[in-house]
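Work through the exercises below with the model open. Each task is followed by a stepwise solution.

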Amino acid sequence: MTGPRRLPAGGRIDRSRTLAFRFDGRRYTGHPGDTLASALLANGVRLVARSFKYHRPRGVMAAGAEEPNALVLLEPGPFAEPNLRATEIELYDGLNTESVNRWPSLRFDLGAATGLVSGLFVAGFYYKTFMWPPSWWNRVYAPAIRRMAGLARAPREPDPENYEHRHAHCDVLVVGGGPAGIAAAHAAAAAGARVVLADERPHPGGSLLDGPERVGDEDGAAWAERMLAGTSALLLPRTTVFGYYDHNFVALAERLTEGLPPSERAGRPRQRIWHVRARRVVLATGAHERPLVFPGNDRPGVMLARSVTAYIHRYAVPFPRWG
């Protein structure tokens with residue numbers, strides 16, 4: 001068991017290997033199959049970020065792309081990627097991340113003092129403030145506001161990695177690798193169509209991997225694996241569809257080196273942009289749970305119910321019992 005809050009059994013992680021990573025300079029451990037968020041939760045880390053304006057404490061709230069709080073800087077230096085969601089960062093050995101939007105540290109953030117005078121910092125206050133003297137705007141006001149309200153800083157060094165693009169045609173493009181997307185891709189391929197299945201996660205299956213779901217009498221994850229093994233569809237994991245244009249012209253971004261340390265990326269393109277022209281497009285992107293609205297719903301320890309299930313069943317991390 002790695003981490004004080006890891007369940008002794010269960011999950012879809014590889015417990016035979018231990019990975020070391022750093023968050024804000026502190027060393028932690030996790031397993032292959034973890035995300036940065038699940039590994040931090042397994043190590044009992046509750047504070048992962050600060051809010052944009054008042055610098056209120058923020059914890060992990062979700063388990064996927066819908067995460068609003070846990071934004072981090074990945075790999076400070078030339079390989080830096082700012083403002084990534086910790087729930088989407090695959091853990092690898094030597095991973096180095098930093099929290100953002102805090103000074104001088106995440107736990108002791110002087111920016112949190114703005115919450116004591118929040119009545120003075122209402123929405124749009126900056127349009128009526130900092131107007132005099134005009135010469136102070138570029139030298140004093142703007143730098144201070146950017147430091148207080150900014151997120152991670154973009155890297156100054158040239159990007160050492162390379163990228164590529166590819167064009168493709170298909171009969172059916174399925175967007176989303178959950179149970180509906182897998183079923184659609186399998187049916188279309190069985191009918192003789194040329195099929196492309198794109199999913200943003202490393203392993204297709206969607207909700208079937210996050211809980212004890214079953215398809216008929218079969219385990220949901222086993223069903224997904226069997227269906228994918230029995231189809232001729234081109235599978236594109238770690239691929240985000242970001243544009244849907246006229247005449248079924250679709251743009252996709254495939255992340256080719258995600259989950260690899262910088263030392264193993266040499267000679268490999270970082271990302272590949274796909275331009276796909278499809279006869280038919282099936283949108284099977286699923287849905288995100290909406291949070292309830294109540295006082296303090298932004299505090300560490302408040303989590304979406306579906307995400308609690310995902311952390312328990314996928315990562316063997318129990319619900320964080322925090323106040």
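**Exercise 1. Place Y54 in this predicted model: where does Y54 lie, and is Y54 buried, partly exposed or exposed?**

Step 1. Find the flanking strands. Y54 sits in the loop that joins strand 3 (49-50) to strand 4 (57-58).

Step 2. Read the accessibility. The relative accessible area of Y54 is 23%. Buried means under 20% and exposed means over 50%. Y54 is therefore partly exposed.

Step 3. List the contacts, leaving out residues up to four places away in sequence. Y54 touches G111, A112, T114, G115, S118 and F121.

Step 4. Take a distance to A229. Y54 and A229 are separated by 175 residues in sequence. In space, their C-alpha atoms are 49 Å apart.

**Exercise 2. Describe how helix 3 and helix 4 pack.**

Step 1. Choose the descriptors. Two packed helices are described by the angle between their axes and the distance between the axes.

Step 2. Apply them. Helix 3 covers residues 179-190 and helix 4 covers residues 220-229. The angle is about 25 degrees, and the axes are 10 Å apart.

Step 3. Classify the angle. Angles under 35 degrees count as roughly parallel. Helix 3 and helix 4 are therefore roughly parallel to each other.

Step 4. Assign the handedness. The crossing of helix 3 with helix 4 is left-handed.

Step 5. Name the residues that meet. Helix 3 supplies P179, I182, A183 and H186. Helix 4 supplies W223, A224, M227 and L228. Of the residues in this contact, seven are nonpolar, one is polar and none is charged.

**Exercise 3. In what order do the strands of the five-stranded open sheet run, and which strands are at the edges?**

Step 1. Write the order. The five strands run 2-1-7-5-6, with mixed pairing.

Step 2. Pick out the edges. Strand 2 (26-30) and strand 6 (81-85) each pair on one side only, as edge strands.

Step 3. Add the twist. From one strand to the next, the twist averages 35 degrees.

Step 4. Check one pair. Strand 1 (residues 19-23) and strand 2 are antiparallel, with five bridges. Here F23 faces R26 in strand 2.

**Exercise 4. Analyse the hairpin of strand 13 and strand 14.**

Step 1. Establish the pairing. Strand 13 (residues 239-245) and strand 14 (residues 249-255) pair in the antiparallel sense over six bridges.

Step 2. Locate an opposing pair. Y245 stands opposite F249 in strand 14.

Step 3. Inspect the turn. Three residues lie between the strands of this hairpin, and H247 takes a positive phi near 60 degrees.

Methods: Residues numbered from 1 in each chain as written. Predicted model: local features only at pLDDT ≥ 70, side-chain atom pairs only at ≥ 80, totals over all residues. Heavy atoms only, no water. Axes fitted to C-alpha atoms, helices over the stretch in contact; angles between N-to-C directions. Helix = DSSP H or I, 4+ residues; strand = E, 2+ residues; numbered from the N terminus. Parallel < 35°, antiparallel > 145°, perpendicular 65-115°, else oblique. Left-handed = near helix turned anticlockwise from the far one by under 90°. Contact = heavy atoms within 4.5 Å. Nonpolar A, V, L, I, M, F, W, Y, C, P; charged D, E, K, R; others polar. Buried < 20%, exposed > 50% of the residue type's maximum accessible area, 1.4 Å probe, protein only. Pairing = 2+ DSSP bridges.
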